[in-house]
Amino acid sequence: MKKFLSNNLLMKIISLFAAVFIWVLVAYNLNPESTKTITVPVQLVNKDQLKAKGMTIVGDDPTVEIEVKARLLDIGKITASDFVVEADMNKLYGEDEEHKRCNLEKRNPVNNANLILSWDPKSVYIDIDTEPLIERKFAIVPISDNVTLAPDFMKGKVTVSPSEITIRGRRSDVSRIYQAVVYISGQDVNEGFTENYIPVLVDEKMNELKLGPGNDLTSIDPLTSTVTATVPVMLSKSLNVLVKPTGTPADGYFLREATSSREKVNVIGPKEDLKSISEIVLDPDISNLSGSKTESISLTRYLISVSENIKLAENESDMITVELNIDKKPKKLYRFDKIEMENKNPLYEYTMQKDAYEIEVEFESDQVDKPQTENIRVSIDVAGMQIGDERTFSPVIELPEGCTLLRKDDVTILVSEKTTPYIPPIPETEAPTAPPIIETEAPTPELPPETEPETTEPVIETEPETEPQTSEIPVETEPSTEDYSTEEATAEETELPVDE
């Protein structure tokens, strides 16, 4: 026994085991309860049904604090993953549409259930912020600023298919989107090309918006669908834009001016097709218009009529604005003191019953020169009238081109005997003119050859007989009794105000 006790190593081992056994025995019997607070994520159930109602949850996933009771030696083993706390999104309540509450429901612990004496959430409900889900369509805008072209070439209208995209998400997220774009690039391009791109959502400053959890738009999933962009590239040409309206304005109105918002338009197309076109003639209809009008016209319609291969250049808008300026036709009132009378008897006096005769004239436009009275002929035929006759005539009016007679009055003529004797006019005669004198050189006489003189009998010179000279005396003729007298018409002009 003494020898056994003298073995120190063995005694030490026995003492250690005894101490551990006694400590475990005491700790097990005396292990007190301990309390611990743990933050546990709340599991939201039926979230899909909330989306079906057009709502979504705003903010991070909610959490709740729970109080856990366990033995002191066990409580360190317990974690948040051991607990399940749920909130049913079908059981939201509250009058505020975007601020709701939901009661919490605890489930059996997942792990370490034998170590947990009890546990309860510190709150029986949680606050849930919701926001309506909205859906909006955005046009997909192609941006081809990074496409450089070969000389003499130009881009046409870049098209994308599909041309729009539908975005669904929280109202606050969707409202941040300005448009959807695709960025197209290319170097020294001399022919058209087609490529696929994924659209990018941008804000008003054209900054890209990142999609998905943890990014700019958390409620919108990243885009994966592609769109096809077609970039036409052809030879370019500048065309003049002319406006030639068709039809006639309403009665009393005229087209003062027709102008377009652009004088030239750039187009692209094959070389052979571009040869056949130098201008675009717009033909808006002005039939029965009684006022000015602004009309938007599609240029593509006119280009297709020339060739289906000719397209507008990229920087050209399809719609062009035409201003049609319609005004009232100007009018003028003419007054004549006398009018022209045909087939008058020179022995009679013809008198108008009124002091003046009036007509009203309308002009096709204010560009037409308004004629003077001497350019307007007002006449009547008084043949057959006798002294004492009084007759009403509808005068014949002859106007220059561009004028229209709006109104004329009847005129009453009274015939009486002339109080002054009639003196026929003396016709003028022209003095006779002498025939022109033509100067000519006299011929040089030829000298006879020299001969010996011959003896001849003397010749007795006698004066030649001359015929008596006579001169023509002009015979006066009686003046013609034909009537050459006419009365020149005098008149006054009066501008008529144009009705506004």
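**The largest pocket**

Begin with the largest pocket of this predicted model, which holds about 510 Å³ of space. Select Thr56, Ile57, Arg170, Thr218 and Ser219: of the 19 residues in the lining, these lie nearest the centre of the pocket. Next, colour helix 3 (47-52), strand 2 (55-57) and strand 10 (164-170), the elements that each give two or more residues to the lining. How do the lining residues divide by character? Six are nonpolar, six are polar and seven are charged.

**Two backbone details**

From strand 10, step back to the loop that connects strand 9 (159-161) with strand 10, where Pro162 is found. Display the backbone here: the peptide bond between Ser161 and Pro162 is cis, with omega at about -5°.

Then move to the loop between strand 7 (125-149) and strand 8 (153-155), and select Asp152 within it. The point to inspect is the phi angle of Asp152, which is near 70°, a positive value in a residue other than glycine.

**The sheet of strands 16, 21 and 19**

Select residues 253-260, which are strand 16, and residues 293-298, which are strand 19; add residues 319-328 for strand 21. These three strands form an open sheet in the order 16-21-19, with antiparallel pairing. Which strands stand at the edges? Strand 16 and strand 19 do; each has a single partner strand, so one side of each has no neighbour in the sheet. Neighbouring strands here are turned against each other by 25° on average, direction ignored.

Now restrict the view to strand 19 and strand 21, whose antiparallel pairing runs over six bridges. Ile297 and Ile320 may be labelled, since Ile297 stands opposite Ile320 in strand 21. Add residues 299-306 to the selection: this is helix 6, which packs on the sheet and touches both strand 19 and strand 21. The direction of helix 6 makes about 50° with that of strand 19.

**The sheet of strands 23, 26 and 28**

The next selection combines strand 23 (residues 340-342) and strand 26 (residues 377-381) with strand 28 (residues 396-398). Together they make an open sheet of three strands, ordered 23-26-28, with mixed pairing. Strand 23 and strand 28 are the edge strands, each pairing on one side only. The twist from one strand to the next averages 30°.

Where does the mixed pairing appear? Strand 23 and strand 26 pair in the parallel sense over three bridges. Along this pair, label Met341, which stands opposite Ile380 in strand 26, and Glu342, whose bridge partner in strand 26 is Asp381. Strand 26 and strand 28, by contrast, pair in the antiparallel sense, also over three bridges. On that side, the bridge partner of Ser379 is Val396 in strand 28.

**Strand 30 and two of its partners**

Select residues 411-417, strand 30, together with residues 348-352, strand 24; the two pair in the antiparallel sense over five bridges. Within this pairing, Tyr350 stands opposite Val415 in strand 30. Then add residues 390-393, strand 27, which runs antiparallel to strand 30 and is joined to strand 30 by four bridges. Here the residue to label is Glu390, opposite Leu414 in strand 30.

**Confidence along the chain**

Finally, colour the protein chain by pLDDT. The average is 82, and 81% of the residues score at least 70. Select residues 439-492: the pLDDT is below 50 over this stretch, which has 26 contacts in the model beyond near neighbours in sequence. Residues 496-500 are the last selection; their pLDDT also stays under 50, and the model has 10 contacts for them beyond four places in sequence. Where pLDDT is low, the predicted coordinates should not be read in detail.

Key: Residues are numbered from 1 along each chain as its sequence is written. This is a predicted model: local features need pLDDT of at least 70, side-chain atom pairs count only at pLDDT 80 or more; totals for chains, interfaces and linings use all residues. Side-chain values use heavy atoms; hydrogens and water are left out. On a 1 Å grid over the protein atoms alone, a cavity is a set of points where a 1.4 Å probe fits but cannot get out, and a pocket is an open set with protein on both sides within 12 Å along at least five of seven lines; lining residues have an atom within 4 Å of a point. Grid points are joined across faces, edges and corners, and a volume is the space filled by probe spheres set on the points. Ala, Val, Leu, Ile, Met, Phe, Trp, Tyr, Cys and Pro count as nonpolar, Asp, Glu, Lys and Arg as charged, and the others, Gly among them, as polar. pLDDT is the predictor's confidence in each residue, from 0 to 100. Contact means heavy atoms within 4.5 Å. Two strands pair if DSSP finds at least two bridges between them. Axes are lines fitted to C-alpha atoms, for helices over the stretch in contact, and angles run from 0 to 180 degrees between N-to-C directions.
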